[in-house]
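Morning, everyone. Please bring the structure up on your screens, and we will walk through a few parts of it together.

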Amino acid sequence: MYPSRFNYEAPRSLDEAIALLHDGGDYAKVLAGGQSLVPLMKLRFASPDLIVDINNVPGLDYHRADPDGTLRIGALCRHATLERSDLLKGSQPTMAAAAPLIADPIVRTRGTLVGSLCHADPQGDWASVVTALGGSVVAQGPAGRRTIPLAGFVTGPFENVLEPDEIAVEAVIPAAQGTRSGGYLKLERRVGDFATVGVAIAVETKGDTVTRAGIGLTGVGGSTIAATEAAQALTGQPLTAESIGRAADLAAAAARPRTDHRGSAEYKRHMVRTFVVRILSRGAVEERAA
Amino acid sequence: MTVVYEDHGDEAAGAEVPMRRIKFTINGQKKIAEVEPRLLLAHLIRRGLGLTGTHMGCDTTNCGACTVLVDGRPAKSCTMLAVQADGHEISTVEGLAGAAELHPLQEGFREEHGLQCGFCTPGMMMAAKALLDENPDPTEEDVRWALSGNLCRCTGYQNIVKSVLWAADKLRAEG
Amino acid sequence: MSQAVDEIKIGGLGASRKRVEDSRFIRGKGNYTDDITLPGMLHMEILRSPLAHARIKSIDASKAWDIPGVHLVLTGEMMATRNLAWMPTLSYDTQAVLATDKVRFQGQEVACVIADDPYIAKDACEAIDVDYEPLPVIVNPEQAVADGAPVIRDDKENQADNVIYDWEVGDGAGTDAAFAAADVISKLRLHYPRSHPSPIECCGSIADFNRATEKLTVYMTTQAPHIIRAAVALVAELPEHMIRIISPDIGGGFGNKVPVYPGYVCSILASILLERPVKWIEDKSGNLISTGFARDVYLDGEMALRQDGKILAVRMHTDADHGAFFSDAQPSKFKIGLMHSAFAAYDIPVAHLTARGMYTNKAPGGVAYRCSFRVTEAMFFQERMMQAAADDLGMDQAAFRRMNFVRDEDFPHRTPFGFLTDSGQYAKCLDVGLKAVGYVDFRKQQEEARARGRLLGLGISTMTEPLGAGNSREYDILGIKMFDSAELKVHMTGKAIVRTGARGQGQGHETTWAQIVAHELGIPAEDVVVEEGDTDTAPFGMGTYASRSTPVAGAAVAMVARKIRAKARRLAAHLLEVSEEDIEWELGRFYVRSAPDRGVTIQECAMAAYSNMPDGMEPGLENTAYYDPPNLTWPFAVYIVTVEVDPETGVWDVLNMVAVDDCGVRINPMIVEGQIMGGLTEAYAMSNMQFITFDADGNCVGANYMDYLLPTAWETPGFELHSEVVTPCPHHPIGAKGIGECAAVGGPAAFVNAVIDALSGTGVRNIDMPLLPDRVWEAITQRHDVSGAPPVRSDD
């Protein structure tokens, strides 16, 4: 429960933070919420030489919709803010469903969505949500900014493509072209548990027709799984019991769960299927204005 | 006041890590401290400040016994570095009553038998305070949800919920 | 006209007096072991084995010694030179303090570092190099006795296998005969999984050896300070009178803080060597992986039944997984604790229990977690077998229990295993429970729901359990009899102090013992301060666990108060200038029988004890009582749970949880209810989500709070408690019975029975706890029983 020694800096601007990372040597980590990093350091699963604390960098704690509907979430936007967000409740059903299910209420006051994406835990909930929504991470480094689609952002458990001197400053959720619907279901044995299985679905419809769909799976593989075939099976037609069933089967097939103390692989696949059906069949699928 | 450090001699020079000077407020009092970056906030509170009402119960950020308020929002002090308190206001159970004899939450826990061994209690009360500051008229469900980051082994939570609702009633009555 | 004080007003028996303890805890002014700082104090951290079974080839601590701030590095080899590498356990076995030849479970203590602060101590632990040679691993009793199994305890002479004991009780021949004559035989096999009491506060000690006074003081998280003093005297070879154990506030015990842990021993040795206080506070991972776990017993149970539902005989075989050392704290006569208290509530003519204990590569323990000495296992096995038997007979669950209950008029009743139960109104309790849950209506609802594909279930658990170990004829730990004690000193102004040999960890002794004094003497409870936990001042006692304190220490409080009252009577006679025969007592006051207005208060008697004694009377008003209970006490409980199971996901929700507890006279109803609710939560936790298991390599799953799941306020159901039925204990001075563990003992079966009931029609008779969603789903879809015994299933 005692981290190993490290150096610590608390820059007051992004440029300063990036410069510190650039000069920081082999093993530097950015500290935002700290609700994933600090526990790892306490168990000594992570022993960085330098911590760059960005909590004092102003202007990163926002979440807002651009005029065209693009949603931007700053690096210091806390889970709790998203949980309470009228913006999300009004226009982002998948995100609104997931926000209350992240960790526990106290961890949510400090943890951040962007930090969670960078942490790249295969059992991380936000990654499935952002995957389903086709979102991206905006990174800033000495050379400037770049936008990295989430699909290419994570390279393995707890590994992402950020350069050592890059900081993720924002997550971007593209604007919807149709009416948003969807949700997030998480099988957790109690609050704060990691997902045994989590399913994020984001659907856009025009009239009855599904124009876009995305499905992200939590906890059933070495990293978040984008069930693209399943999502594609939904598009171009209305949601029917048949199309939902087909998507559910494909999503279950895309899952790569392991049998462990949380359950058999067969059960986890079954739960993927069950959650897909439940999210898409829930009364009429919950509708939100575009 | 003098502060005395252990002097480990010259051989320690290579291993020295610069201490950080931080300024923060704790229960309304302004403090300055020099800390190692790796010192956890909970340890600054317990050992540096001698405020042992904030307890350590686990090592994986689950139990919430260490819950304090940072700028009025609840945080698990075991999962913050002490250096992160720089420039912020920390509130612990010792400051809960303020000028009064007891805060209504403290009264409520006693009235409704909301504690047995008492170890989770400070964390519970701080999390409950954050809830009541935001929502003065919570339902039982609201209370259970707000406290779902704090573990208790003794009470079964039923009386803890009653304690918080008792306090909410009293705070609303006091206006 | 009576001038007795109002007993409830003064906080006597039956008063829901607000707790004395709360005042400091709500202010954050508790005094837990980790809150204590002594001048010059150093800090200790332990290095633990990552492997479950391995030979230690070498330990290189040189880099650790070089870290600035490190004062001492202890290894098994160093302990061995002082004869401290091994220590005796409370079960006549030995346990490694620090590993020497082998490590025998993952998490076993291998070395420890004492440094200026725990951060440095941890750094130094990481710098210790241990070279291990892995050995084959045993994670369950079946593997332990399989052909070719490695001998785990090859340190013991005459230990050629992994069997610790074979034990039996009851009548084998008679039971066989009854089975031969049975109409129906009901069988059930199951595993009560390993669990852990896991109080929020971890274990720890501050050992302070003072060279100048030659006295060793140890602040320690212990539920039994006097047992610890004796153990330390034995292990450290220090004279008993120079050892002081202080148990300060404890953040939950539940049996986890009874055993003697290597960390305590190391901190004591370190303090003696360094002549400075040494503090050891473990972390939660260390606590979960190495300290006294609970349960881990396999049952093979059979019941012989007559067609009409009468139970003719019971046969049980239990295999207990004790881990690497047999270290249970339990009455020495009973290898498997009070497992043979099973079925005490039922009138069964004959029974037979055989029990075997095995060594495995896991942490040592088994007796803990509100278990009343394995009665949790006994009653869980009992009520699971009752459920299965009723199903096998096609009988209603409630009716089957009712017809087999010991009837009110049959007390005292000798159980087939030799216990003597003495009181109860079992049928009445069941009536209350069934009415409260709306039994008849629920069964209707259940049927209607089933027709629509919804799975509702109802589970009943009824039991009486033995609490208050125990009488000196039968009960001892390491030969020390299990009496308890109370010392009462009444000061001249009528205020008092009570000290007992118990040691509460949240049960409210500071509040309730004063209530007993108020009841016996009429002194207001707020005028009585209660102290426990310091072996220098507390009278000798065996500590608080197994719900023994009200039955034994509480009885001692009543008895010592009566001794005080007897002396006060003589003082009263002296003050009133009459003979003792003319004196009557009413609460708080002695008066002259023939002139009731002439009286003296107990406070006036107290003053007289210091200022106006009759000739020949020893001054003062103080006394001590040691209480050897004539029998255990027998509370009775009915727990009924209703659930709904989602057949698609296996997730189940509690609809209702009704508890009817008859624990005799309740000293403080509010505190009693708190204990019951705590126990019900443990029951829910164990049945729903909480367990420790192991993979095939002996890696512990459940060694931190991410994997070992305690329910939060969000999952935990509400409870409906009933206290209408009160059957006083016939032998306890105030008619009280134990209660602290009842709900943890009887509760789990109610939850499991409810889920099994919801699944009736699938043929499923058992799902091992915890009833995780995947297990329930598997049972429903595959229509077979689901076991949860280690090793954990994996894809490999």
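I will take a sheet, the helices on it, a loop residue, a hairpin and a cavity, in that order. Keep in mind that this is a predicted model.

Start with the sheet in chain C. It is open and has seven strands. Read across it and the order is β3-β7-β1-β14-β11-β12-β13. The pairing is mixed. In general, strands of a sheet pair through backbone hydrogen bonds, either parallel or antiparallel.

Which strands stand at the edges? They are β3, residues 70-75, and β13, residues 243-246, of chain C. Each has a single partner strand, so one side of each is left without a neighbour in the sheet. As for twist, neighbouring strands here are turned by 20° against each other on average, direction ignored.

Zoom in on the β13 edge. Its partner is β12 of chain C, residues 215-220, and the two run parallel. Four bridges join them. One pair to find on screen: L216(C) has I243(C) as its bridge partner.

Now the helices. Helix α4 of chain C, residues 118-126, lies across β1, β3 and β7 of that chain. It runs at about 30° to β1(C). Helix α8 of chain C covers residues 262-274. It lies across β1, β3, β7, β11, β12 and β14 of chain C. Its angle to β11(C) is about 25°.

Next, a loop. Between α7 and β13 of chain C you will find E237(C). Is E237(C) buried or exposed? The cut-off for exposed is over 50% relative accessible area. E237(C) has 64%, so it counts as exposed. Look also at L84(C): it is 153 residues from E237(C) in sequence, yet the C-alpha atoms are 9.9 Å apart in space.

Further along chain C there is a hairpin. It joins β28(C) to β29(C) through two residues. β28 is residues 589-592 and β29 is residues 595-601. They run antiparallel, with four bridges between them. In one of these, Y591(C) is partnered with G599(C).

Last, the cavities. How many cavities of 30 Å³ or more are there? The count is ten. Take the second largest, with about 170 Å³ of space. Its lining has 21 residues. Nearest the centre are M56(B), F119(B), D34(C), I281(C) and E282(C). Helix α1 of chain B, residues 41-48, gives the most to this lining, with three residues. By type, the lining divides into eight nonpolar, five polar and eight charged residues.

That is the tour. Over to you.

Terms used. Residues are numbered from 1 along each chain as its sequence is written. Chains are lettered from A and ligands numbered from 1 in the order in which they are written. This is a predicted model: local features need pLDDT of at least 70, side-chain atom pairs count only at pLDDT 80 or more; totals for chains, interfaces and linings use all residues. Side-chain values use heavy atoms; hydrogens and water are left out. Two strands pair if DSSP finds at least two bridges between them. Axes are lines fitted to C-alpha atoms, for helices over the stretch in contact, and angles run from 0 to 180 degrees between N-to-C directions. Contact means heavy atoms within 4.5 Å. On a 1 Å grid over the protein atoms alone, a cavity is a set of points where a 1.4 Å probe fits but cannot get out, and a pocket is an open set with protein on both sides within 12 Å along at least five of seven lines; lining residues have an atom within 4 Å of a point. Grid points are joined across faces, edges and corners, and a volume is the space filled by probe spheres set on the points. Ala, Val, Leu, Ile, Met, Phe, Trp, Tyr, Cys and Pro count as nonpolar, Asp, Glu, Lys and Arg as charged, and the others, Gly among them, as polar. Buried means under 20% relative accessible area, exposed over 50%, partly exposed in between (1.4 Å probe, protein chains only).
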